[in-house]
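Me: Please take a close look at one part of this model, the aromatic residues and the nonpolar core around them. I would like one connected account.

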Amino acid sequence: MTLLSVSVVFVLLTILGFPSVCAFAPPAIACASNDARGPQFAGSASTTALPIGQLLSDFLPKSQTGSAIDPQRIQDIKTEIKALAKGTSNGISASKEVRNQISQLVAELEAANPTPDLTNSPKLNGSWKLVYTTNEGSSAGKLGPLVGEVQQLIRIDGRDGGEQDYYNFVRVAGGAIEGALRATWDVLAKDKWQVNFKSVRFSVLGIPLVEMELSAVGIWRKSFLDDDFRILYAAGGKNVPKENIYILAK
């Protein structure tokens, strides 16, 4: 079908009152708003014909991944988030203004998520450092009055081919004091884990002092993942009625 034929079809459907013609019109047939003179159209039959792939793309289902944006813009957003989070003790002391700025940048990243399966991608493997969170407890690196560094080690293929697991390490006083939380997970959806907390261990100067078994669970909802940046939301436990955001980087 030529572009002229397509244009005629859309004109006729609009005149007949078809409710969503403009929503389906290809880019070269942009609908203007109706006024007292009736529906108006931009463009004409002399418009350069569109490649068939481009024409059909307007009617095909969209990918589960996010919309394409300039790769450099993605890198710039990551850099901005890291700069805003710096000096906030992983987000604990972030001002309302900084939180709002990070929230806006996160929304832009989430709209461009490049990974369709956020729960089983090999990109999850490896060591991740917490950049920012809205949590203000131990998950943010707080142990008593001290705030330290949070590292997360994910083994998507399991240890030595065994059970998949991850460790969450909180290190304060330059690593002299360490808390290590071990957990496994069940995949609930392509963007969601049920996290099963197994144990927690506390060490001082590398010497384990106490280790406890756990039976708690939590829900992780993932919204962005690429080679070196992750965004997720976690909720779980009696004292966590809302989701907190966690931003991690390699």
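Reply:

**Tryptophan 193 and its surroundings**

Leaving aside residues up to four places away in sequence, tryptophan 193 touches Thr119, Leu124, Ile154, Ile156, Trp185, Asp186, Val187, Leu188, Gly218, Ile219, Trp220 and Lys222. The model is a predicted one. Tryptophan 193 has 0% relative accessibility and therefore counts as buried.

Two of these contacts deserve a closer description. The ring of tryptophan 185 has its centre 4.0 Å from that of tryptophan 193, and the planes are at 10°, so the two rings are stacked. Tryptophan 185 is also buried, because its relative accessibility is 6%, and the cut-off for buried is under 20%. Lysine 222 places its charged end over the ring of tryptophan 193, at 3.5 Å from the ring centre.

The stacked rings belong to a wider group: Tyr166, Trp185, Trp193 and Trp220 make up one aromatic cluster. In total, the structure has four aromatic pairs. One of them joins tyrosine 166 and tryptophan 220, with 4.9 Å between the centres and 45° between the planes, and it is tilted. Tyrosine 166 is in strand E5 (residues 165-172) and tryptophan 220 is in strand E9 (residues 217-225), so this pair ties together parts 54 residues apart in sequence. Tyrosine 166 and tryptophan 220 are both buried.

The cluster also leads into the nonpolar core. The largest such core contains 21 residues, and Ile154, Tyr166, Trp193, Val195 and Trp220 are the ones with the most contacts inside it. Strands E1 (126-133), E4 (149-155), E5, E6 (177-189), E7 (192-204), E9, E10 (229-235) and E11 (244-249) each give two or more residues to this core. Another core, of 20 residues, lies apart from it; Ile74, Ala85, Phe224 and Ile245 are among its members.

Two further details concern the strands just named. A second charge-over-ring arrangement involves arginine 221, which lies over the face of tyrosine 233 at 4.3 Å from the ring centre. Serine 203 is found in strand E7. Serine 203 has a relative accessible area of 6% and is therefore buried. Its contacts, not counting residues up to four places away in sequence, are Ala176, Ile177, Glu178, Pro208 and Leu209.

Key:
Residues numbered from 1 in each chain as written. Predicted model: local features only at pLDDT ≥ 70, side-chain atom pairs only at ≥ 80, totals over all residues. Heavy atoms only, no water. Phe/Tyr/Trp six-rings, centres within 6.5 Å; stacked < 30°, edge-to-face > 60°. Helix = DSSP H or I, 4+ residues; strand = E, 2+ residues; numbered from the N terminus. Buried < 20%, exposed > 50% of the residue type's maximum accessible area, 1.4 Å probe, protein only. Lys NZ or Arg CZ within 6 Å of the ring centre and 35° of its normal. Core = buried A, V, L, I, M, F, W, Y, C linked by side-chain atoms within 4.5 Å. Contact = heavy atoms within 4.5 Å.
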